[in-house]
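Here are a few short exercises to work through with the model open in your viewer. Try each task before you read its solution.

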Amino acid sequence: MGRKKGVVFDEGAPDDFDPENPYKDPVAMLEMREHIVREKWIQIETAKILRERLKWCYRVEGINHHQNCRHLVQQYLDSTRGIGWGKDHRPLSLHGPKVEAEAE
């Protein structure tokens, strides 16, 4: 017997979950809850990675960090908009205005 070449993860939401009646199928409800938690953790960890890149950019660029790290600041702010625990129902105005990305 050998090892498997790759692992396949079920990344999507459950197909049999009914948002109109979530308690109809308890197994699908729990799978949906796990899916939501997994997606939130992915968003949180992505924001942490962007924050580390932003810290590094601030240190490297020094006094010019306002100009040279602007794209990372925008990515970090976009990644933190509406994520985290308990922020689902907060209006986006509390997270600051969303600025459309400039064409390059």
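**Exercise 1: a pair in α1**

In this predicted model, E52 and K55 form a salt bridge, with 3.7 Å between the closest N and O atoms. Work out how the two residues sit relative to each other along the helix, and how exposed each one is.

*Solution.* Start with the spacing: E52 and K55 are three residues apart in helix α1, so about one helical turn separates them. Now bring in the helix geometry: an α-helix has 3.6 residues a turn, so residues three or four places apart point the same way. Then check exposure. E52 has 46% relative accessibility, which makes it partly exposed. K55, at 37%, is partly exposed too.

**Exercise 2: another pair in α1**

Find the residue that makes a salt bridge with K48, and describe the pair.

*Solution.* The partner is E45, with an N to O distance of 3.4 Å. Next, place the two: both lie in helix α1, three residues apart, or about one turn of the helix. Last, the accessibility: K48 comes out at 35% and counts as partly exposed, and E45 is partly exposed with a relative accessible area of 35%.

**Exercise 3: the end of α3**

How many salt bridges does the structure hold? Look at the one that involves R81 and say whether each partner is buried or partly exposed.

*Solution.* The structure holds three salt bridges. R81 pairs with D78, and their closest N and O atoms are 3.0 Å apart. R81 is in the segment after α3. The cut-off for buried is under 20% relative accessible area, so R81, at 15%, is buried. D78 is at 33%, so D78 counts as partly exposed. While you're there, take a look at G82: just after α3, G82 has a positive phi of about 80 degrees.

**Exercise 4: the buried side of α3**

Which residues of helix α3 (residues 70–80) are buried, and why do they fall on the same side?

*Solution.* First list them: L72, Y76 and S79. They span an arc of only 65 degrees around the axis, which is why they share one side of α3. Then ask what lies over them: the cover includes α1 (26–61).

**Exercise 5: the whole chain**

Sum up the fold and its burial.

*Solution.* Read the elements from the N terminus and you get α-α-α, that is, three helices and zero strands. Buried residues account for 17% of the 104 residues. For the surface, the chain exposes about 9100 Å², 56% of it supplied by carbon and sulfur atoms.

Methods: Residues are numbered from 1 along each chain as its sequence is written. This is a predicted model: local features need pLDDT of at least 70, side-chain atom pairs count only at pLDDT 80 or more; totals for chains, interfaces and linings use all residues. Side-chain values use heavy atoms; hydrogens and water are left out. Buried means under 20% relative accessible area, exposed over 50%, partly exposed in between (1.4 Å probe, protein chains only). Helices (H or I, at least four residues) and strands (E, at least two) are DSSP runs, numbered from the N terminus. The arc is that of the directions from the helix axis to the C-beta atoms. Contact means heavy atoms within 4.5 Å. Accessible areas come from the Shrake-Rupley method with a 1.4 Å probe; for residues, only the protein chains shown count as cover. A salt bridge is a side-chain nitrogen of Lys or Arg within 4 Å of a carboxyl oxygen of Asp or Glu.
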